[in-house]
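Got the viewer open? Let's take a walk through this one together, one selection at a time.

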Amino acid sequence: MALRRNPSLDIFRGSLIVLVMAGHLELTGALTDGQSRVVAFFVLSGFLITTMLVKRFDRDGSVGARSFYISRLARFVPVLAMVSVLCLVASFLAPLVSWESLSVPIPFLVSSLPHFWSQTINLGLQDAQILPYELVPSWSLGAEWQFYLLWPAAVWFCLNRWGKRGLLWLSGAVAVLGFSWSAWLTMRSGGQVPRVEFGSDTRGAAILLGCLTAVVVTYDPPRRWIVTHRHWLLAVGMTALVAMFFDVVGDYGMDMTAWGQVVVAVAASVVAAVGWLWPGDLLANAPQRLVPVLLASAWIGQRALVVFLVHVPLMQFIGGPRGVLPGLGVMAASFGIAAISYRWVEIPFTAWAKSRWLPVVQVPAPRMSGQIIPDQPALAQR
């Protein structure tokens, strides 16, 4: 079951990916270490996936694991293939261009592609394996995929056995344990180390906090409270994120496996909850001059996966960060590739995969006082 697009969350995602690119391309020295933006992405991923699974369970009594995994694979496989080809082409052309390209030799890249395709780069990095930088940013996707493998079963079990309250307690308890475990390992090692920085067990707490938030907003009292206080909640959440993302009073990047990720995760959860419950008013109430910027952020947010994965190979191909103008050129090229991919690769492939492996099932139209509501669809695609 697909969720309807939420412009507020797309704007949030698009803004995050632009900040990630700006950090990698070194367009400004005002940004802190990029780990903070990754934590916010984790929260958003956990929130959206849990929302999808809970809504499906409320409708069908099942989380639709088969539909979930096929939809995830259909979304990722063509993108992984496209990025692999892009990296191979860049490696092939690197010795032929007139500038000094940082693209790695093809044998080194090919030997690393199994990590990329199996989404285990984070496991390799925490064991200090040497991998091409073109593929390294996908470590966060690996942590999410490991979450994908376990979470649908956990959601189904909790909802069947204890209901939403059980899911609430599970996600909250695991999030607290994860944050505590990460902070303890950081203090024991004397600082942020690869084992803690890239570990699924140390980074999964942010994903679980997003899951917790998704369950919280299904209850009426919290929903009403969030909607009533949405303006100051959004202001507080965004202020905290700006303070952690930008070098306002200090670079908190090295604290992202201790207390820093807790601050970012809580702030991102607040922003996600407000955006979910307040999807249309953000654009409707924004100053007119900001609407094009917000719409552009939403557009980028819908295509964030490809933008995230292709901008680093493009940056390495031109020789790394080379200033503002080359950096803006890499961003523009990334957006162009993402637009082509979204329209001509991702949407057609996803539609084909769903039509091939997900059967169309009859869904009874809801009745009210003995009358069928006419605007409800009779068929729904799993």
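Before you click anything, here's a definition to carry along: a crossing of two helices is left-handed if the near helix is turned anticlockwise from the far one by less than a right angle, and right-handed if clockwise. One more thing to keep in mind is that you're looking at a predicted model.

**Stop one: two pairs of helices**

Two packed helices are described by the angle between their axes and the distance between the axes. Try that out by selecting α3 (65–93) together with α6 (residues 139–161). Their axes are 11 Å apart and the packing angle is about 165 degrees. An angle over 145 degrees counts as roughly antiparallel, and α3 and α6 are therefore roughly antiparallel to each other. Now put your definition to work: α3 and α6 make a left-handed crossing.

Next, swap that pair for α2 (residues 35–60) and α12 (residues 259–277). Here the angle is about 45 degrees, and the axes lie 9 Å apart. That makes α2 oblique to α12. Which way does α2 pass α12, left-handed or right-handed? Turn the view and decide for yourself, then check: the crossing is right-handed.

**Stop two: salt bridges on α2**

A search of the whole structure turns up six salt bridges. Let's visit some of them, staying on α2 to begin with.

Show the side chains of D60 and R56, which meet in a salt bridge at 2.6 Å, N to O. Both residues belong to helix α2 and sit four residues apart, about one turn of the helix. Are these two buried or exposed, or something in between? D60 is partly exposed, with a relative accessible area of 35%, while R56 counts as buried at 3%. Add R59 to your selection as well: R56, R59 and D60 are linked in a network of salt bridges.

**Stop three: bridges between helices**

Now select K164 and D58. Their side chains form a salt bridge too, at 3.3 Å from N to O. K164 is in helix α7 (residues 163–189) and D58 is in helix α2, so this pair ties together parts that are 106 residues apart in sequence. K164 is partly exposed, with a relative accessible area of 24%.

Then jump to E346 and R75, another salt bridge, where the closest N and O atoms are 2.2 Å apart. How many residues apart in sequence are the parts that this pair ties together? The answer is 271, because E346 lies in helix α16 (residues 324–357) and R75 in helix α3. E346 is buried, with 4% relative accessible area, whereas R75 is partly exposed at 22%.

**Stop four: a nonpolar patch**

Switch to a surface view and colour V85, V89, F92, L93, L96, I106 and V110. Together they make a nonpolar surface patch of about 610 Å². Two elements give two or more residues to this patch: α3 (65–93) and α4 (106–117). Which of them brings the largest share? It's α3, with four residues.

Pick out I106 for a closer look. This residue lies in helix α4, and its relative accessible area of 31% makes it partly exposed.

**Stop five: two loop residues with positive phi**

Go to the loop between α1 (7–24) and α2, where you'll find E26. E26 has a positive phi of about 55 degrees although it is not a glycine. Buried or exposed, what would you say for E26? At 56% relative accessibility, E26 counts as exposed.

Now move to the loop between α4 and α5 (121–126) and select Q119. Q119 also isn't a glycine, and its phi is positive, at about 55 degrees. Q119 is buried, though, with a relative accessible area of 5%.

**Last stop: a distance to try**

Finish by going back to helix α6 and selecting R161. With 56% relative accessibility, R161 counts as exposed. Now add A206 and draw a line between the two C-alpha atoms: it spans 25 Å. Along the sequence, R161 and A206 are 45 residues apart.

Conventions
Residues numbered from 1 in each chain as written. Predicted model: local features only at pLDDT ≥ 70, side-chain atom pairs only at ≥ 80, totals over all residues. Heavy atoms only, no water. Patch = residues over 30% accessible without salt bridge, like charges linked within 9 Å, V, L, I, M, F, W, Y side chains within 5 Å. Areas by Shrake-Rupley, 256 points an atom, 1.4 Å probe, with all protein chains shown as cover. Salt bridge = Lys/Arg side-chain N within 4 Å of Asp/Glu carboxyl O. Buried < 20%, exposed > 50% of the residue type's maximum accessible area, 1.4 Å probe, protein only. Axes fitted to C-alpha atoms, helices over the stretch in contact; angles between N-to-C directions. Parallel < 35°, antiparallel > 145°, perpendicular 65-115°, else oblique.
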